[in-house]
Each structure stands twice: as C-alpha cells, then as structure tokens.
Amino acid sequence: MLDFRVRTFLTVCRTLNYTRAAEELNITQPAVSQHIAYLEREYGTPLFTYQGRRLTLTKAGQVLRDALGTMAHDETLLHERIGALAAGEAVELRIGLTLTAGEYVVAAPLASYLAEHPDIHATVRSGGTRQLLEQLDAGLIDCAFVEGMFDKAAYAWDAFCTERLACVCAAGHRFAAPPRTVDDLLGERLIVREEGSGTRGVLDHALAARNLSLDAFADTLTVESLDIIKVFVAQDLGISFLYEAAVQREVAEGSLREVPLAGPPVQHDISFVRLRGSAFEAETKALFKTLVSQRRQL
C-alpha cells in the first residue's frame, strides 16, 4: 500500500498547483506542503521549484514521479485484479486510442482480440496524444496507442505500425500550378487538427524539418474533428495532411484526391505506450504482440 504522502506528491505532479491538489485530496494546503516537505527530506533534494509563478518539477522530481506513478498504477491494477478474482468477475483492461489509431488502425484487431477473450472487460478512451499520456501518468488507463510525438525515454513503447501522412484535396480542386513539393502548396488554405493532436504534432515536425511552419501557408483552418476535416476538404474549403489510413476510403470513392509530392514521405509510427517498469509489462507486451498478429490476419 502506497504512503498517503506519495498520493499527495503524484496529485501535485498532475495539477502543478498545491491548492488544487488539496481540493482534490480533500485536505488542507498546509498539509499538502507538509507531505511534499517530508518527501524532500526523505530523498534529500527539492522535488518542485517555481519558475516565475509557475510550479514545475525538478529533474529529481521527474525521476520520482515516473517511478512512483508506475507503482501507483500497479497497485490500483492489483486491487482490481484481486477483487475481480475474488468475485469471479472479468479482468479489466483500460486502453487509450488516439482518433486515427483508434478508428483506422487498431479498432479492428482490438475487436478481434476482445471477441476471443470474453474474460476481459475493456474500457476504451479516445483523445489526443497529450491527453492520453496524461491519463496514463495518472493511472486512468493501462496503455495507449498514439500517433503523436512523445518523450520516448519516459515510457515503455513499441512501434505498432508506420503510417504515411498524405496531402489531400477535393476531387475537383484546381491548383494555380501543379504542385511538386510542399513549398508549392503555400498559397493554399491548410486545414489542420488542433494543437495536442498526434496528426498536428507530426505535421508541425515535418514542416519544421523543411524550415516551414503553418504561418507559411496563405491561411489555416483548425478543426478538432477528423471527419469534419474530410468533409471540409471534399467541399474544397482547403487542403489537408491526413494519415493515409484515414482517407483511403474517400480517395477510393473519389470524394478526395491525393496530391503526390516529391521528396521523402511524411510518416510516423503508431506507438503502443505504457508505463516504464510496470509489474504488468509481460502482460501488456503479450497484448501488443497479439494485436500485431491480429492486424496481419485482417
């Protein structure tokens, strides 16, 4: 059983606010300060510091957060597993999926896996890469499939597959001149996902590698829904960069057209991410291998 001061520490790590942590834990703010001070004395180093008026973790605090976060997750999972065994109930699996990974890459093999394992009760959460990693850190999910950028040193992860980001436009869209490179598209309106989404992060990274940014385009339109982006592009409101798996059907049906561009492709891994050092690593690794096998069979 984890020390109550550890739970205080992890809550402050998540909220980065002593007052908010006190409210969530239903204790006083001085009590929160005392708990953090105890841990700092225990480990002999500051765990938090202020940069201006903003509370941030020190490097030592980050190391402790990663280690204790995994321990807290494992303890929660142990309680659930032991309770399920005692009651003869199904095993819980809480999995996070970003939109592209969920709808177009992982959903089908995951459905096959769950059909073959009726003893598992799954909860599937959707969200952006950043949001799902926060839920993983907080112990709200056990693992996640994400297509965005993340700190690979902070998690255990495996590449599930590699997906290409395709430039698409309306079937009847007319360019001023046939585009050959990304630079030739700068006069267009670009429709993009919101900040924090995996697709947006990969696109930002790819543009930066070409010494470009979203500001280089004539106009941008931010849309949080992938399906709405596809409708807008089909209605010729602008062009977009979307994962090939997400637009395969529309391109085949003719409502969207892929714009072929010279140069290396924009591509990124769909990654299976979980907490580093978990006691359940063998179990989550087995899940990953099974889903890879299921995807190959579909």
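Thr-15 touches Arg-20, Ala-21 and Glu-24, leaving out residues up to four places away in sequence. In this predicted model, Thr-15 sits in helix α1, and with a relative accessible area of 11% it falls under the 20% cut-off, so it counts as buried. Helix α1 also packs against α3 and helps to line the largest pocket, so it's a handy place to start looking around.

**The whole protein**

- You're looking at 10 helices and 11 strands.
- Taken along the principal axes, the C-alpha atoms fill a box of roughly 65 × 55 × 30 Å.
- Of the 298 residues in the protein, 46% are buried.
- If you take the contacts with a separation of 6 or more, 73% of them are between residues 24 or more positions apart.

**Helix α1 against helix α3**

- Two packed helices are described by the angle between their axes and the distance between the axes.
- Here, the axes of α1 (residues 4-15) and α3 (residues 29-43) come within 9 Å and cross at roughly 105°.
- That crossing angle lies in the 65 to 115 degree range, and therefore α1 and α3 are roughly perpendicular to each other.
- On the α1 side, the residues that meet α3 are Phe-4, Arg-5, Thr-8, Phe-9 and Val-12.
- On the α3 side, they are Val-32, His-35, Ile-36, Tyr-38 and Leu-39.
- By class, this contact has seven nonpolar, two polar and one charged residues.

**Two loop residues with positive phi**

- Most residues other than glycine have a negative phi.
- Leu-16 has a positive phi of about 50°, although it is not a glycine.
- Leu-16 is in the loop between α1 and α2 (18-25), and at 31% relative accessibility it counts as partly exposed.
- Asn-26 is another residue other than glycine with a positive phi, in this case near 60°.
- You'll find Asn-26 in the loop between α2 and α3, where its relative accessible area of 71% is over the 50% cut-off, so it counts as exposed.

**The largest pocket**

- The largest pocket has a volume of about 1,100 Å³.
- It is lined by 31 residues, and the closest to its centre are Cys-13, Arg-14, Arg-65, Glu-134 and Asp-137.
- Helix α1, strand β2 (54-57), helix α4 (59-87) and helix α6 (129-137) each supply at least two residues of this lining.
- Helix α4 gives the most, with eight residues.
- Sorted by class, the lining of the largest pocket has 13 nonpolar, nine polar and nine charged residues.

**The second largest pocket**

- Next comes the second largest pocket, with a volume of about 240 Å³.
- Of the 18 residues that line it, Leu-261, Ala-262, Pro-264, Pro-265 and Val-266 are the closest to its centre.
- Strand β6 (residues 155-170) gives the most to this lining, with four residues.
- The class split for the second largest pocket is 12 nonpolar, two polar and four charged residues.

**Val-233, a buried residue in helix α8**

- Val-233 is part of helix α8 (residues 226-234).
- Its relative accessible area is 0%, which means that Val-233 is buried.
- Setting aside neighbours within four places in sequence, Val-233 is in contact with Val-168, Cys-169, Ala-170, Ile-191, Gly-238, Ile-239, Ser-240 and Leu-256.
- One of those partners, Val-168, is 65 residues away along the chain, yet the two C-alpha atoms are separated by 7.6 Å.

**Arg-295, a partly exposed residue in helix α10**

- Arg-295 belongs to helix α10 (residues 281-297).
- At 32% relative accessibility, Arg-295 counts as partly exposed.
- Not counting residues up to four places away in sequence, Arg-295 touches Val-105, Pro-109, Phe-160, Cys-161 and Glu-163.
- Arg-295 and Glu-224 are 71 residues apart along the chain, and their C-alpha atoms are separated by 27 Å.

Conventions
Residues numbered from 1 in each chain as written. Predicted model: local features only at pLDDT ≥ 70, side-chain atom pairs only at ≥ 80, totals over all residues. Heavy atoms only, no water. Axes fitted to C-alpha atoms, helices over the stretch in contact; angles between N-to-C directions. Parallel < 35°, antiparallel > 145°, perpendicular 65-115°, else oblique. Contact = heavy atoms within 4.5 Å. Nonpolar A, V, L, I, M, F, W, Y, C, P; charged D, E, K, R; others polar. Buried < 20%, exposed > 50% of the residue type's maximum accessible area, 1.4 Å probe, protein only. 1 Å grid on protein atoms, 1.4 Å probe; cavity = no way out; pocket = protein on both sides within 12 Å on 5 of 7 lines; lining within 4 Å. Points joined across faces, edges and corners; volume = space filled by probe spheres on them.
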